[in-house]
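Subject: Structure for you to look at

Hello,

Here is the structure I promised to pass on. Please open it and keep it beside you while you read my notes.

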Amino acid sequence: MQDRFSKTIGRLLAMCILVMMSASYAAADANGEALFESRIRPVLIEHCYQCHGEKKQKSGLRLDSREAMLRGGDGGKIVIAHKPEESLLIKALRHDGDIQMPPKKKLSPQQIAFFEQWVKLGAPWPKVKATPHTNSDIKPTGDPIADARNNYWSLQPIKAQPAPAVKAKDWIRQPLDALVLAKLEKAGITPSDQADRHTLIRRAYFTLIGLPPTYEQVQAFVNDKSSNAWEKVVDELLTNPHYGERWARHWLDLARFAESDGFEHDYDRKYAYHF
């Protein structure tokens, strides 16, 4: 009885969340592509592609493209666009019947609600856009997703690029400065004057470790006349434990780090503190 009550409450909470979020999704993305990228694709990658992806297709079913998903597998169609209640995918996610996916652990009511909304929107799937950063050494595979992945700009070999032409050449101290200056000049912005040493060391401390320098640290930098004074400050901050703590926060927030599972099954993650 208690278990049934918990499930009912869970579904009601999920529906409330879905109603609130669907309005914002509709306003920001009428085609539901944002919903797919943020809520649907991550679940497919984590739970589905191992058995129904590029390398393996159990029951003749692939779930890594809209066309394949609408086509279905040996058991017929699994997604009926705009009709979640008639879609086998939704029934499988609900564990409502013989087919239960994922088989080991059912998705949360909130995740299932997102899939229902996605199917209701017509199962939108962002189109793969051609990228100008192509690698001539890579031969097309015929798979648009694989070709886009192989030619993605961040996966290309590093090549030396000529520095952009700028007017205030005296302002440049290193190659990266030319890139910054080119953007400033294009926008008609004059570069700021060089910061004094008091300002510079405070910027370094707040940026790298999130804490201000002490009076003694400021004075030491101001009075250090060596040519590598700035490099010494930066190297010292990069080895400071606070540097790791500050920048790990960005990743932990992105990964939604928590020391428990939250929601219905709020189990403690005993070893989460290691990460």
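Ser59 is exposed, with a relative accessible area of 52%. That is over the 50% cut-off, so Ser59 counts as exposed and not as partly exposed. Look for Ser59 in the loop between helix 3 (49-52) and helix 4 (66-71). Its backbone deserves a glance too. Phi of Ser59 is near 60°, which is a positive value in a residue other than glycine. Please remember that this is a predicted model.

Ala123 also has a positive phi, near 55°, and is not a glycine either. Ala123 sits in the loop between helix 6 and helix 7 (144-150). Is Ala123 buried or exposed? Ala123 is buried, and its relative accessible area is 1%.

One more backbone feature, then on to side chains. The peptide bond from Met101 to Pro102 is cis. Its omega is near -15°. You will find Pro102 in the loop between helix 5 and helix 6.

Now the salt bridges. How many are there? The count comes to five. Start with Arg94. The side chain of Arg94 meets that of Glu85 in a salt bridge, at 2.8 Å from N to O. Arg94 forms a salt bridge with Glu116 as well, and there the closest N and O atoms are 2.8 Å apart. Arg94 lies in the loop between helix 5 (88-93) and helix 6 (109-120), while Glu116 lies in helix 6, so this pair ties together parts that are 22 residues apart in sequence. Glu85, Arg94 and Glu116 are thus named together: they are linked in a network of salt bridges.

How accessible are these residues? Arg94 is buried, with a relative accessible area of 14%. Glu116 counts as buried at 16% relative accessibility. Both values fall under the 20% cut-off, so both residues count as buried. Glu85 is exposed, with a relative accessible area of 52%.

Another salt bridge joins the side chains of Lys232 and Asp224, at 2.9 Å from N to O. Lys232 counts as partly exposed, at 41% relative accessibility.

Next, take helix 2, which covers residues 33-47. Helix 2 has 15 residues. From its first C-alpha to its last, helix 2 reaches 20 Å, close to the 21 Å expected at 1.5 Å a residue. Where does helix 2 bend? The bend is at Ile40, by about 40°. A proline, Pro42, follows within four residues. Several residues of helix 2 are buried: Leu35, Phe36, Ile40, Val43 and Leu44. Ile40 therefore appears twice here, as the site of the bend and as a buried residue.

Last, the second largest pocket. Rolling a probe the size of a water molecule over the atoms shows where empty space is left. About 700 Å³ of space lies in the second largest pocket. Its lining has 18 residues. Which of them lie nearest the centre of the pocket? They are Arg173, Asp177, Gln194, Leu200 and Trp230. Helix 9 (197-208) and helix 11 (229-238) each supply at least two residues of the lining. The lining divides into six nonpolar, five polar and seven charged residues.

That is my list. Try finding Arg94 and its two partners, Glu85 and Glu116, on your own screen.

Best wishes

Key. Residues are numbered from 1 along each chain as its sequence is written. This is a predicted model: local features need pLDDT of at least 70, side-chain atom pairs count only at pLDDT 80 or more; totals for chains, interfaces and linings use all residues. Side-chain values use heavy atoms; hydrogens and water are left out. The expected span of a helix is 1.5 Å times one less than its number of residues. The bend at a residue is the angle between axes fitted to the seven residues ending there and the seven starting there. Buried means under 20% relative accessible area, exposed over 50%, partly exposed in between (1.4 Å probe, protein chains only). On a 1 Å grid over the protein atoms alone, a cavity is a set of points where a 1.4 Å probe fits but cannot get out, and a pocket is an open set with protein on both sides within 12 Å along at least five of seven lines; lining residues have an atom within 4 Å of a point. Grid points are joined across faces, edges and corners, and a volume is the space filled by probe spheres set on the points. Ala, Val, Leu, Ile, Met, Phe, Trp, Tyr, Cys and Pro count as nonpolar, Asp, Glu, Lys and Arg as charged, and the others, Gly among them, as polar. A salt bridge is a side-chain nitrogen of Lys or Arg within 4 Å of a carboxyl oxygen of Asp or Glu.
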